[in-house]
Amino acid sequence: MKTIFEPFRIKSVEPIKMTTREEREKLLKEANYNVFSLKSENVLIDLLTDSGTSAMSTDQWAALMKGDESYAGSPSFYRFEASVKDLFPFKHVIPTHQGRAAEQILTSILPGDTSTQIIPNNTHFDTTRANFENAGINALDMVIEEGKDPALDYPFKGNMDLVALEALLAKEADRVPLVMITITNNAGGGQPVSMANVRGAKEICEKYNKPLYIDSARFAENAYFIKLREEGYQDKPVRDIVREMFSLADGMTISGKKDTFSNMGGWLALNDDEWAEKARARLIMTEGFPTYGGLSGRDLECVAQGLKEIVDEDYLKYRIRSIQYITEKLDAIGVPVMKPAGGHAVFIDAKSMLPNIPALQYPGQSLAVAMYIYGGIRGAEIGSFMFGRQPDGSEKPAQMELVRLAMPRRVYTQSQADYMIEVFEEIVRDKDQLRGLEITWEPTSLRHFTSKLKPL
Ligand code: F0G
């Protein structure tokens, strides 16, 4: 069947304010051609991120009322902890307000002189990299070669290069406090990591006596890809695939704003008692008491309920299929997309779509601007506008010029997806007329969030 069955009914709706192209041209000019500066009420379809933007279920809204806000020993914490342990068999669960707080706490408890250390990962997410680098750690990316070619169709493009991992540990084991794997590999296109790859990494870690940590934001999407694509998993429930994968790890960090359908949340979970004790001491200093961390009781309830819902395979089928659907349709009308479709987002290769716009005139940003003007769609540039400024002040093109359309969970329908495709048909028709941009003002760091631009 071609129609995607959305396995839910809509009980509460948020109206979308309609705008005309003329209005959007004016709004974008006022926002200095930076989509981060737009007011979200002026966006028709907001694909800036899938983080914290999910629609909660009736059971989650009901769970909010059960939230117990006691400072210590709240039943909400124990329900949260039980839900986490049901999927992720770790001894200690430490709640944080979001993923980057868990990363910060993990960084702060690493033994030894961090300024000499190296942490390998398939691809570090920005905040993970920033936390490690801030402690002087060399955050090393080690995704397989297949993962670097946007057009190559390969089932597990998020896999870690195990040969490179073994070579690093053979040479520099003393400098590596832990090994990390990100599932799905967000910065590499939301591509999954196979069970065999995690098992292989675990074997190497055991040989060198290193803990393996999983950066787990989109664990359920990753598990569903394993069910679809990895031999031997077709008949396994997603819940069991998740448990199997995490039983190979020594710990996890997670942003609870993605695959738990929550607007806020995260945690660090681990087996090592000594590390856990240090982490709790740090948690009290920076987030809160260990039975609430950075969260209110109602947030803990919401995550606990979301974890029960995310492993529902009717939902995961709809989720993965809707990203595939948009990717296939864009591909069919000549938009160069990253293949195969990832778990949470569609990635467009703006370099090959707009070859007449030089990298330092930001083809990805030009496409993001066109998406908003033509159809009120907001996506994020991941290219030279985001990464071009070098620490020495010079500017150089990024490796890729991508635009990410990240899909919030349970929020948009197939007809809204069809609307997006129609908008892209118009952009494709006019693509030779799209212009690059120049930056008229930029801050000293993370320029993509606040820079001002103007079209050339
Ligand atoms: N790890 C991964 C793989 C992520 O995708 C994110 C967030 C984090 C860690 C940090 O978690 O936001 O809860 O502090 N990704 C969001 C995104 C922001 O848009 O991809 P956080």
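## The shell around the ligand

In this predicted model, the shell around the ligand comprises one nonpolar, eight polar and seven charged residues. Of the 16 residues around the ligand, those that come nearest are Thr 49, Arg 100, Ser 255, Lys 258 and Arg 404. Helix 4, which spans residues 99-108, supplies the largest share of the shell, namely three residues.

Several polar atoms of the protein lie at short listed distances from the ligand. An oxygen atom of the ligand is found 2.9 Å from a polar side-chain atom of Gln 98. For Arg 218, too, a polar side-chain atom lies 2.9 Å from an oxygen atom of the ligand. In the case of Lys 258, an N or O atom of the side chain is 2.9 Å from a nitrogen atom of the ligand. The ligand taken alone exposes 470 Å², and the protein buries 93% of that area.

## Lys 258

Lys 258, one of the residues that come nearest to the ligand, is placed in the loop between strand 7 (251-255) and strand 8 (266-270). With a relative accessible area of 11%, Lys 258 counts as buried because this value is under 20%. Lys 258 and Ser 57 are separated by 201 residues in sequence, while their C-alpha atoms are 14 Å apart in space.

## Strands 3 and 4

Strand 3 (residues 118-121) is covered on both faces. On one side Ile 118 and Pro 120 are buried, and on the other side Ile 119 and Asn 121 are buried as well.

Strand 3 runs parallel to strand 4, and four bridges join the two. Within strand 4, Asn 138 is the bridge partner of Ile 118. The connection from strand 3 to strand 4 passes through helix 5 (residues 126-134), and this β-α-β crossover is right-handed.

## Strands 5 and 6

Strand 5, made up of residues 179-182, likewise has both faces covered. Val 179 and Ile 181 are buried on one side, and Met 180 and Thr 182 are buried on the other.

The pairing of strand 5 with strand 6 (residues 212-215) is in the parallel sense and extends over four bridges. Ile 181 has Ile 214 as its bridge partner in strand 6. Between these strands the chain passes through helix 7 (residues 195-207), forming a right-handed β-α-β crossover.

## Asn 159 and its contact

Asn 159 belongs to the loop between strand 4 (138-141) and helix 6 (162-172). This residue is buried, its relative accessible area being 9%. A polar atom of the Asn 159 side chain lies 2.9 Å from the backbone nitrogen of Ser 194.

## Backbone geometry

Most residues other than glycine have a negative phi, and most peptide bonds are trans. The residues below are described with this background in view.

Two cis peptide bonds may be described here, beginning with the bond from Ile 183 to Thr 184, where omega is near -25°. Thr 184 is located in the loop between strand 5 and helix 7. The bond that joins Lys 339 and Pro 340 is also cis, with omega about -10°. Pro 340 is situated in the loop between helix 12 (313-332) and strand 9 (345-349).

Positive phi values occur at Asn 32 and Arg 410, neither of which is a glycine. For Asn 32, phi is near 50°, and the residue is in the loop between helix 1 (21-30) and strand 1 (45-46). Asn 32 is partly exposed, with a relative accessible area of 27%. For Arg 410, phi is about 60°, and the residue is in the loop between strand 12 (402-406) and helix 16 (414-429). Arg 410 is buried, with a relative accessible area of 15%.

## Leu 453

Leu 453 forms part of strand 14, which covers residues 452-455. The relative accessible area of Leu 453 is 2%, so the residue is buried, the cut-off being under 20%. Leu 453 and Pro 211 lie 242 residues apart in sequence, and the distance between their C-alpha atoms is 45 Å.

Key. Residues numbered from 1 in each chain as written. Predicted model: local features only at pLDDT ≥ 70, side-chain atom pairs only at ≥ 80, totals over all residues. Heavy atoms only, no water. Buried < 20%, exposed > 50% of the residue type's maximum accessible area, 1.4 Å probe, protein only. Pairing = 2+ DSSP bridges. Right-handed = clockwise from strand over helix to strand, strands pointing away. Near = heavy atom within 4 Å. Polar contact = N/O pair within 3.5 Å; in protein donor to acceptor, adjacent residues only side chain to side chain. Areas by Shrake-Rupley, 256 points an atom, 1.4 Å probe, with all protein chains shown as cover. Nonpolar A, V, L, I, M, F, W, Y, C, P; charged D, E, K, R; others polar.
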